[in-house]
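Biologist: Please take a close look at one helix in this model and describe how it sits in the chain. A connected account would suit me better than a list.

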Amino acid sequence: MQDRDERYAWLALKAVPGLGGVLCKRVIDRFGSPSAALAADPSEWISVEGIGPKMVDALRSYRPDNNAIVRELDRIDEMEYGLIGLTDPQYPALLKMIPDPPPYLYLKGDLRPEDNRAIAIVGARRASGYGRAVTEQLSRELAVRGFTIVSGMARGIDGWAHQAAIDLPGRTIAILGCGLDILYPREHDELREAISRHGAVLSEYPLGTPPDPVNFPKRNRVISGLSLGVVVVEAAENSGSLITARMALEQGREVFAVPGPIGTKTSRGTHSLIKQGARLVEGVEDILDELLPQLEPPVDETTARDQAGPLRRPVLLPDEQAVYECLSVEPRHIDELTTTLRFPAAKTAGVLLHLELKGAVRQLAGNLFIRIE
């Protein structure tokens, strides 16, 4: 966990006028930490893509609201929450790979390295008994195989997914669309406490932020960003779950959909996803068949003999091998790899993530990567 001075720097950096999530990530990539960015001469910020003379001029006159930041830090400490920034080792590796990760997260509970094996399960608030049964079955079967269940702690599918993982017991993470100190929905008080004991409750929003509707689409990118894939169980057309699925695709993550009865309102969204190419889920094997080859590819006897040494390097898929061969012990930036390989940015990020999970590469500060020999 970062010390109070560094947490102060994160809050001060995020408050810079005009500095959104994408620019904030680029600033950290350039300077390495929020304190270093704030200590730099504003003229140095011009080297960051997307920052022009107007923002540099505004930065020269920027002064953090010291009283507001100190009050926020005092409340965080009083409520025994965490605040983890992009440079914190505890910050989720999966989420760090998306184009616009939250600069920092408010945390109740704990995050662990095994949470990189995460799958989101989302769906309708007003779900059917069928939806509940499918959700609980998938959540239990994924949790027992060591996957962390991610969702939004909403009524219906989200809550059932969290609870089924907890009952196993397994790990689960909830992402809020309000401040961490705001209980929403109110009936999930006990569930929220249980999630914090079996994983973490996270939010990017300042304490006291109400659950305004505008917050939830932004929240959904964190749900998908934390996950290897998103499973949608019952969703109406134009629902928040479909926004999460769309964001998962944009982030290079897998999308799965559970079919439902023909003609029901909450089947239309999942059936639409299937028509657009989402993997149809009839059971947990449909999810595992898609994800496990990326994480734990089988090794035949010939391959095993060819890979010498007691710590055998994992078998790599063709795209992974291409990225791996572009790396060495000298750090290379993700943008440089994307240009060299002529991959879409989301694909490069996804392949690097899989290589990290296999122990073949390591990410350093500033979106730099090295190869592990």
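Modeller: In this predicted model, buried residues make up 52% of the 373 residues in the chain. The part I will take is helix α12, which covers residues 265-275. Its buried residues are Thr266, Ser267, Gly269, Thr270 and Leu273. Viewed down the axis of α12, these residues fall within an arc of 160°, so they line one face of the helix. The general background is that an α-helix has 3.6 residues a turn, so residues three or four places apart point the same way. Lys265 and Lys275 lie on the other side of α12 and are exposed. The buried residues of α12 pack against three elements: β7 (229-233), α11 (240-250) and β8 (254-258). Just after α12, Gly277 adopts a positive phi of about 115°.

Some of the same surroundings can be followed from Ser224, a residue of helix α10 (residues 215-225). Ser224 counts as buried because its relative accessibility is 0%. Beyond its neighbours within four places in sequence, Ser224 is in contact with Val230, Thr244, Met247, Ala248, Gln251 and Arg253.

As for the setting, the chain has 17 helices and 12 strands. Its radius of gyration is 21 Å, close to the 21 Å that the globule rule gives for 373 residues, so the chain is as compact as a globular protein of that length. The C-alpha trace spans about 60 × 55 × 35 Å along its principal axes. Of the contacts in the chain with a separation of 6 or more, 69% are between residues 24 or more positions apart.

Methods. Residues numbered from 1 in each chain as written. Predicted model: local features only at pLDDT ≥ 70, side-chain atom pairs only at ≥ 80, totals over all residues. Heavy atoms only, no water. Helix = DSSP H or I, 4+ residues; strand = E, 2+ residues; numbered from the N terminus. Buried < 20%, exposed > 50% of the residue type's maximum accessible area, 1.4 Å probe, protein only. Contact = heavy atoms within 4.5 Å. Arc of directions from axis to C-beta. Rg over C-alpha atoms; globule rule 2.2 N^0.38 Å.
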